[in-house]
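Please open the model in your viewer and keep the selection tool at hand. The tour below moves from one selection to the next and tells you what is found at each stop.

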Amino acid sequence: MPEKIIAQAGDKQIIIETGKLAKQADGAVTIQLGETIVIVAAVAATKAKEGQDFFPLTVDYREKAAAAGKFPGGYFKREGRPTEKEILTCRLTDRPIRPLFPKGWYNEVQVQTVVLSADGQNDPDILSIIGASASLMVSDIPWDGPLGAVRVGRIKGQFIANPTHAEQAESDLDLVYVGNTNDIVMYEGSAKEITEADFNAALKYAHEVIQPLIAAQKELTAKAGKKKREITLNIVPDEILQEAKKLAGDRFVPALLTPGKLARENACKAIQDEVGAKLVEKFGAEKVTDFVINDAFYYIQKEAVRGLILNHGKRLDGRAFDVVRPISSEVGILPRAHGSALFCRGETQALTLATLGTGDDTQEFDSYTGGGTEKKFILHYNFPNFSVGETGRISGPGRREIGHGALAERSIEPMIPSENYPYTIRVTSEIMESNGSTSMASVCGGTLALMDAGVPMIRPVAGISVGICTELDANKKISKYQLLTDIIGWEDHYCDMDCKIAGTEKGITGFQLDLKLKGIPHGMMAETIEKARIARMHILAEMAKTLAEPRKEISKYAPRIETVKINPEKIGALIGPGGKNIKRLVEESGCEIDIEDDGTVNIFSVSPEGMKIALDAITGMTAEAEVGKIYRGKVVTIKEFGCFVEFLPGKDGLVHISELANFRVKNTEDIVKVGDDITVKCLGVDEKGRVRLSRKAAMEERDKEVAGKEEAGKEAK
């Protein structure tokens, strides 16, 4: 029978229901907020694949156009590969649930979210996380939940739970928080320079909000949950593990303390190869498989790394726990890029390029769930195999690269000028070398590249990653821990946390927490946030030694821009029938011209000559007749009662026969002919927009000006 639970999250209700849809899945729930509804289904294979040596968890999230009452874009009218938003939501759902599966259990698990209804205001991504937790809870799949999730915004200093897109537009905080009954499990998001104190307050507020969601899942599980299945864990036999430890002896400690990432890895690998061969010789190849060797030495190295940190106060590269690795940076190193930088922090190296584009370069995308359909600031992150000295499949960006790029993008974006800034901006981060937190190096390098390009950033942004190494007591509570500023790759791999925080000298702009633990107390997180602040100030000071503020001029290869404001009623005249006028102008000037609905015209050009052609033409085509102003125009039509003169591009005015000369004119053609250039003065514009011009008045004014100059000359003598 279907079961339904309603949970209060802030001032909104979330409805969780199971037993109605997808009943053949191991666990399935629908989650509803407003009129946004998702279904999340979880299924686990009954046994692991032969030779499986890792946990194969797949999390998938898909938005359907029909959920919003729309058709998909494109020729086929069918949803295709996942969008960036869908990929990021997959990651958002995956990261908090992954550490809660049993270690050594290698059955394939799939958790799939499908958006069934989208109201355009309540984002389904939070529902996907809650649904993943609830579906695993009611299933027979072994999993150590539940988890609660909430998005937190802040409007005029007040926190708000699960803000709508309209509310989020007014918010200076976008925090996605996941936690359990007591601790933080995951967070990510961005902010407009929120202080560390306010960020900690937001985390505590979020933790309070999720408690009813956790209670609701427990209630639902009690009513409709399945009994958890019996499982078999694939772990290294104790006798082999103990023999490996005995054979390795204490050699791993000096190997782990070897300076340099590659040298350290090679030293440890040499011990593993030697000991592995002896294990095979003693126990046989059937028992000592590659998996057994790799898993055993992962455990041994993990134990050694953690022992060095917690018991001997040593890090692998010899640093103190709160010291950032040496930093160096350069800017302007690529001559044709609009802005470029090389940022190095220890053995992590990011080469960043900034490109300035026009309105036509804005990224547009379908949006079925709300939250905007275009981006003017884009950051792309690329992680080639050579950056870690390896070979591998070469393909397009994977989920990790998209996630790292999104983190760096949202960390920098709050400091990009948005008020009437006409350029579209793209930053690309090419990772040249990796040993810890390349996403935060991308933030630092991206900031330097943008300032090198002359983008008037509000303030520079830097980022750092802080890790933690813990020891658990018999109750699996943290009894001992050590925070690690600026973690290297193996500290990330063998320890328990990767907490990335970016910001300016004034506050936090971007953040992301990943844990291998089942949770971390708020007090430890407050310490982490303060460690990150201290490190960030140091990095900002080092960056300032290279480039402290944006350059005053943009690159000579970047498009120059001029902005002209015209009467919105003139937009049609500027564009012309079927775009005829604007197309001709673009062709003649070589410029790109963007016209906004409010009459703002942005002209982009790399050529000063082309810019002048476009400016003059647009000014002329959209100018209004000014009473009393003298114009030079061309006679376009002759009539018995006078002539029509084009005094502005596309704008004619009548010179009555009585205004052609300071004497009586019998025939218009006695004075002017079609094609003549004449000087006229604007006498007025009637209520229908018809312009009255005068050749006679223009000549009189010219004569007065000449007479005045002659008189002035006589007085000077």
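Select helix H5 (residues 238-248) together with helix H8 (residues 290-312), and turn the view until one lies in front of the other: the crossing of H5 and H8 is right-handed, a word used when the near helix is turned clockwise from the far one by less than a right angle, whereas anticlockwise would make a crossing left-handed. The names come from DSSP runs numbered from the N terminus, where a helix (H or I) has at least four residues and a strand (E) at least two. This is a predicted model, in which local features need pLDDT of at least 70 and side-chain atom pairs count only at pLDDT 80 or more, while totals for chains, interfaces and linings use all residues. Residues are numbered from 1 along each chain as its sequence is written, and side-chain values use heavy atoms, with hydrogens and water left out.

Two packed helices are described by the angle between their axes and the distance between the axes. The axes of H5 and H8 come within 10 Å and cross at roughly 55 degrees; axes here are lines fitted to C-alpha atoms, for helices over the stretch in contact, and angles run from 0 to 180 degrees between N-to-C directions. H5 and H8 are therefore oblique to each other, given that angles under 35 degrees count as roughly parallel, over 145 as roughly antiparallel, 65 to 115 as roughly perpendicular and the rest as oblique.

Now show the side chains where these helices meet: Ile-240, Leu-241, Ala-244 and Lys-245 of H5 are in contact (heavy atoms within 4.5 Å) with Val-292, Ala-296, Phe-297, Tyr-299, Ile-300 and Glu-303 of H8. By class, this contact of H5 with H8 has eight nonpolar, no polar and two charged residues, where Ala, Val, Leu, Ile, Met, Phe, Trp, Tyr, Cys and Pro count as nonpolar, Asp, Glu, Lys and Arg as charged, and the others, Gly among them, as polar.

Keep H8 and add helix H7 (residues 261-283), which packs against H8 at an angle of about 130 degrees, with the axes 11 Å apart. That angle makes H7 oblique to H8, and H7 passes H8 in a right-handed crossing. The contact is made by Cys-268, Gln-272, Val-275, Gly-276, Leu-279 and Val-280 of H7 and by Ile-293, Asn-294, Phe-297 and Gln-301 of H8, and its residues divide into six nonpolar, four polar and no charged.

Which residues does Gln-272 contact, leaving aside its neighbours within four places in sequence? They are Ile-293, Asn-294, Phe-297 and Gln-301. Gln-272 is buried, with a relative accessible area of 11%; buried means under 20% relative accessible area, exposed over 50% and partly exposed in between (1.4 Å probe, protein chains only).

For the aromatic part of the tour, note that the structure holds 16 aromatic pairs, counted when rings of Phe, Tyr and Trp (its six-membered ring) have centres within 6.5 Å, with planes under 30 degrees apart called stacked, over 60 edge-to-face and the rest tilted. Select Tyr-187 and Phe-511, whose ring centres are 5.9 Å apart with planes at 70 degrees, so the pair is edge-to-face. Tyr-187 sits in strand E10 (residues 184-194) and Phe-511 in strand E21 (residues 508-515), 324 residues apart, and both are buried.

Finish with Phe-252 and Phe-297, whose ring centres are 5.8 Å apart and whose planes stand at 55 degrees, so this pair is tilted.
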